[in-house]
Amino acid sequence: MIKAIRGTRDLLPPDTELWNFVESAARDVFRSYHFSEIRTPVIEDLSLFQRSVGEETDIVSKEMFAWEDRARAQSEKGQWLALRPENTAGVVRAYIENRLWERPGLQKLYYIGPQFRRERPQKGRYRQFFQIGAEIIGPPTAGSESPAVDAEVLEMLATFLDRLGLTGWTLELNSVGCPDDRQRYNDALRAALKPVVGGMCADCRRRAETNPLRVLDCKVPEDQPIIEQLPKILDYLDEPCRQHFAAVRAILDAVSIPYTINPRMVRGLDYYRRTTYEFTHGALGAQNAILGGGRYDGLSEALGGPKAPGIGFAIGEDRLVLTLSEHQRPKLTAADAYIAPLGEGMNQEAARLGRELRQAGLVVDLGDESFRLKKSLELASKTGARFAVILGENEAKSGMLALKNLGTGEQVSVPRAELAKVIAGS
Ligand code: HAM
């Protein structure tokens with residue numbers, strides 16, 4: 001038997017009801033903040049991710065599904081392609097390629113779609129997973145650098161989670177400053193790690209050399225007391241970055257969005273500048289980040305575009321649905337009516353009646369003329385239909401149909417013209 005590949009899974013009814021509920025709530029909320037949808041390709045040039053997410057990150061160095069796509073014709077060139085591990089890089093590429101900066105104001109774009117990372121699968125972590133994300137990007141003259149934009153995005157996220165009825169989330173906030181700050185901080189980290197790193201885990205010993213920032217991501221319990229004593233990035237911000245972060249916090253306070261400052265949260269992607277954040281939830285266990293995001297001023301220039309500061313987020317939809325399903329079990333909508341055609345030739349009549357009822361807005365299932373009445377009624381009850389409509393030759397001729405309420409067992413005779421109204425009204 002051929003199975004779904006490791007780290008991928010089928011999303012089945014009734015769970016898909018919950019997914020659709022989450023996605024339509026997202027579309028609704030985002031619309032009221034004047035976002036529009038963007039859809040970028042699932043496959044991109046590998047170098048897009050190397051230059052944005054960063055070659056040294058786990059995502060690019062270990063977790064990419066990438067392959068060399070050989071030329072199929074002389075007119076084509078071979079190239080390295082990748083399944084997108086995230087969508088910010090694709091959005092910024094599209095911004096540059098389609099000259100979106102020529103459009104007025106800020107570009108407020110959202111996306112919903114699958115992403116791919118070859119991680120070790122566990123609860124809340126898959127190789128194909130779904131993100132609901134959004135980006136605000138544009139020229140500085142349109143206000144893209146303003147701390148008000150950061151606060152608007154965070155406030156929108158709080159509104160969205162509230163709309164879903166999700167309680168118990170924590171907004172963890174940090175600023176990773178600008179590249180100069182990061183350089184000074186890295187130097188300070190290296191110096192502080194030197195005397196203590198010998199007693200830390202093997203990963204930390206390696207990271208202390210290659211990328212000391214990643215030491216802060218370490219989850220090994222014995223290393224935590226040492227990490228707590230390391231310098232904090234917030235003490236290495238220059239004055240403009242410090243003021244920017246203070247302004248973001250002041251607006252969050254003004255709109256009563258609670259947050260905690262987490263100076264250890266440095267995020268696993270290289271393009272971040274200044275504000276970074278995650279929303280976490282206790283119900284998720286080890287993979288507790290429902291969403292993550294931050295500012296990426298400088299990314300457009302790094303990809304050959306104009307200056308276009310931006311900020312955004314991506315919600316892990318799988319994790320969000322997991323958290324919600326602890327409280328609400330999705331239910332499938334039942335059919336309003338199951339039409340039971342009785343006898344040869346009645347499928348045509350059933351198709352006609354089904355069409356009438358559906359055009360009147362009802363949800364309808366059709367039986368088959370070869371079924372006995374008992375079987376039709378059993379099937380209708382099992383699938384949860386509210387009514388069965390019995391349609392034999394006599395009923396078709398007389399225009400009086402037998403309508404059976406499958407909840408009460410009561411059966412009445414209803415003129416065809418009134419059938420939809422009777423079903424809808426009860
Ligand atoms: P990220 O933190 O890499 O950020 O991913 C965002 C969210 O996607 C995570 O918080 C998590 O909920 C979910 N996620 C990540 N990997 C997996 C996985 N293997 N299985 C299930 N869920 C996963 C980004 O992707 C950035 N592009 C966010 C962003 C947008 N920053 C600025 N704009």
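Let's start at the ligand: one of its nitrogen atoms sits 2.9 Å from an N or O atom in the side chain of Thr88. Keep in mind that this is a predicted model. Two further side chains can be listed beside Thr88, and the table sets out the three polar pairs.

| Side chain (N or O atom) | Ligand atom | Distance |
|---|---|---|
| Thr88 | nitrogen | 2.9 Å |
| Glu119 | nitrogen | 2.7 Å |
| Arg267 | oxygen | 2.8 Å |

Looking at the surroundings of the ligand as a whole, 27 residues lie around it, and those that come nearest are Glu86, Glu119, Tyr126, Arg267 and Tyr272. Glu119 thus belongs to this nearest group and also places a side-chain N or O atom 2.7 Å from a ligand nitrogen. Arg267 is likewise in the nearest group, and its side chain has an N or O atom 2.8 Å from a ligand oxygen.

Now let's move to helix α1, residues 15-32, and its helix neighbours. The axis of α1 comes within 10 Å of the axis of helix α5, residues 147-163, and the two cross at roughly 140 degrees. An angle over 145 degrees would count as roughly antiparallel, so α1 and α5 are classed as oblique to each other. Their crossing is right-handed. On the α1 side, the contact uses Val22, Ala25, Ala26, Asp28, Val29 and Phe30, which meet Met156, Thr159, Phe160 and Arg163 of α5. By type, the residues of this contact divide into 7 nonpolar, 1 polar and 2 charged.

Helix α11, residues 317-325, also packs against α1, at an angle of about 110 degrees and with the axes 10 Å apart. Angles from 65 to 115 degrees count as roughly perpendicular, and α1 and α11 are therefore described that way. This crossing, too, is right-handed. Leu18, Trp19, Val22 and Glu23 of α1 make the contact with Glu317, Asp318, Leu320, Val321, Leu324 and Ser325 of α11. Here the residues divide into 6 nonpolar, 1 polar and 3 charged. Val22 is worth a look in the viewer: this α1 residue appears in the contact with α5 and in the contact with α11.

Finally, two backbone details. Most residues other than glycine have a negative phi, and most peptide bonds are trans. Against that background, Pro13 and Pro14 are joined by a cis peptide bond with omega about 5 degrees. Pro14 is placed in the segment before α1. Ser256, although not a glycine, has a positive phi of about 60 degrees. You will find Ser256 in the loop between α9 (239-254) and β8 (260-261).

Technical notes. Residues are numbered from 1 along each chain as its sequence is written. This is a predicted model: local features need pLDDT of at least 70, side-chain atom pairs count only at pLDDT 80 or more; totals for chains, interfaces and linings use all residues. Side-chain values use heavy atoms; hydrogens and water are left out. Axes are lines fitted to C-alpha atoms, for helices over the stretch in contact, and angles run from 0 to 180 degrees between N-to-C directions. Helices (H or I, at least four residues) and strands (E, at least two) are DSSP runs, numbered from the N terminus. Angles under 35 degrees count as roughly parallel, over 145 as roughly antiparallel, 65 to 115 as roughly perpendicular and the rest as oblique. A crossing is left-handed if the near helix is turned anticlockwise from the far one by less than a right angle, and right-handed if clockwise. Contact means heavy atoms within 4.5 Å. Ala, Val, Leu, Ile, Met, Phe, Trp, Tyr, Cys and Pro count as nonpolar, Asp, Glu, Lys and Arg as charged, and the others, Gly among them, as polar. A residue is near a molecule or strand if one of its heavy atoms lies within 4 Å of it. A polar contact is a pair of N or O atoms within 3.5 Å; within protein, one must be able to donate a hydrogen and the other to accept it, and residues adjacent in sequence count only if both atoms are side-chain atoms.
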